[in-house]
Amino acid sequence: MKVSTKIEGDRCVVTVQEDRIDAVVALAFKDAMRRNTVGSGAMVILNLAQVQFIDSSGLGAIVATMKHLAPDRQLVLAGLSAPVERVFTLTRMDSVFQLFATLDDALAVHHA
């Protein structure tokens, strides 16, 4: 699972550099998120702009990441493609996570 991480003040931006988060990569995704958020600030922004498909295993991996970060750190999601956003809406996970259309939108709201 390819991800990149950038620290911006008290924010950690993790960008998924894959087009899918599914059962095949869910465990690798969780491991990558744990490694890349060690010692991060209070806000973790997960940039999903490149992700075009997510299944229930991928959704579960994102929820597991949120639980791993809590209670000290918050996870917000940015850059969801239409198919990925649809999964969050259909599963009502859009009421659990803060969703932003773009990374810039998330950064503007969660400024350091």
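This report describes a predicted model, going from its sheet to its cores, its charged pairs and its loops.

## The sheet

Five strands make up an open sheet with mixed pairing, in the order β1-β2-β4-β6-β7. The edges are held by β1 and β7; each has a single partner strand, so one side of each is left without a neighbour in the sheet.

Strand β1 covers residues 3-8 and strand β2 covers residues 11-16; the two run antiparallel and are joined by six bridges. Within this pairing, Val3 stands opposite Val16 of β2. The hairpin made by β1 and β2 has two residues between the strands, and Gly9 takes a positive phi there, near 65°.

Strand β2 also pairs with β4. This pairing is parallel and has five bridges. Here Cys12 stands opposite Val44 in β4. Helix α1 lies across β1, β2 and β4, and runs at about 150° to β2.

## The largest nonpolar core

In soluble globular proteins, nonpolar side chains tend to be buried together. The largest nonpolar core of this model has 26 residues, of which Leu46, Leu48, Ile62, Leu77 and Phe88 touch the most other members. At least two residues of this core come from each of β2, α1 (26-37), β4 (43-47), α2, β6 and α3. Helix α2 gives the most, with five residues.

What does Leu46 touch, not counting residues up to four places away in sequence? Leu46 touches Val14, Val16, Phe29, Met33, Ile62, Leu75, Val76, Leu77 and Ala78.

## A second core

A second, separate core has eight residues, among them Val13, Met43, Ile45 and Leu107. Val13 belongs to strand β2. Is Val13 buried or exposed? Its relative accessibility is 5%, below the 20% limit, so Val13 counts as buried.

Leaving aside neighbours within four places in sequence, Val13 is in contact with Ser4, Thr5, Lys6, Ile45, Asn47, Leu103 and Leu107. Of these contacts, Ile45 and Leu107 are also listed in the second core.

## The aromatic pair

The structure holds one aromatic pair. Phe88 and Phe97 form this pair, with 5.9 Å from centre to centre and 80° between the planes, an edge-to-face arrangement. The planes have to be over 60 degrees apart for that description, which is why 80° qualifies.

Both partners are buried: Phe88 has a relative accessible area of 0%, and Phe97 has one of 4%. Phe88 is also one of the residues that touch the most other members of the largest core.

## Salt bridges

The count of salt bridges is four. In one of them, Lys6 is joined to Glu8, with the closest N and O atoms 3.5 Å apart. In another, Arg11 is joined to Glu8, and the closest N and O atoms are again 3.5 Å apart. The accessibility of these residues varies: Lys6 is exposed at 52%, Glu8 is partly exposed at 22%, and Arg11 is buried at 11%.

Asp31 and Arg34 also meet in a salt bridge, at 3.9 Å from N to O. The cut-off is 4 Å, so this pair falls within it. Asp31 and Arg34 are three residues apart in helix α1, which means that about one helical turn separates them. Both are partly exposed, Asp31 with a relative accessible area of 33% and Arg34 with 36%. Elsewhere, Lys6, Glu8 and Arg11 are joined into one network by salt bridges that share partners.

## Two loop residues

Which peptide bond is cis? The bond from Ala70 to Pro71 is cis, with omega near 0°. Pro71 is placed in the loop between α2 (56-69) and β6 (74-78).

Arg92 lies in the loop between α3 (82-90) and β7 (99-100). Arg92 has a positive phi, near 65°, although it is not a glycine. With 65% relative accessibility, over the 50% limit, Arg92 counts as exposed. Val13 in β2 counts as buried, and Val13 and Arg92 are 79 residues apart in sequence and 24 Å apart in space, C-alpha to C-alpha.

Terms used. Residues are numbered from 1 along each chain as its sequence is written. This is a predicted model: local features need pLDDT of at least 70, side-chain atom pairs count only at pLDDT 80 or more; totals for chains, interfaces and linings use all residues. Side-chain values use heavy atoms; hydrogens and water are left out. Two strands pair if DSSP finds at least two bridges between them. Helices (H or I, at least four residues) and strands (E, at least two) are DSSP runs, numbered from the N terminus. Buried means under 20% relative accessible area, exposed over 50%, partly exposed in between (1.4 Å probe, protein chains only). A nonpolar core is a set of buried Ala, Val, Leu, Ile, Met, Phe, Trp, Tyr and Cys residues joined through side-chain atoms within 4.5 Å. Contact means heavy atoms within 4.5 Å. Rings of Phe, Tyr and Trp (its six-membered ring) pair if their centres lie within 6.5 Å; planes under 30 degrees apart count as stacked, over 60 as edge-to-face and the rest as tilted. Axes are lines fitted to C-alpha atoms, for helices over the stretch in contact, and angles run from 0 to 180 degrees between N-to-C directions. A salt bridge is a side-chain nitrogen of Lys or Arg within 4 Å of a carboxyl oxygen of Asp or Glu.
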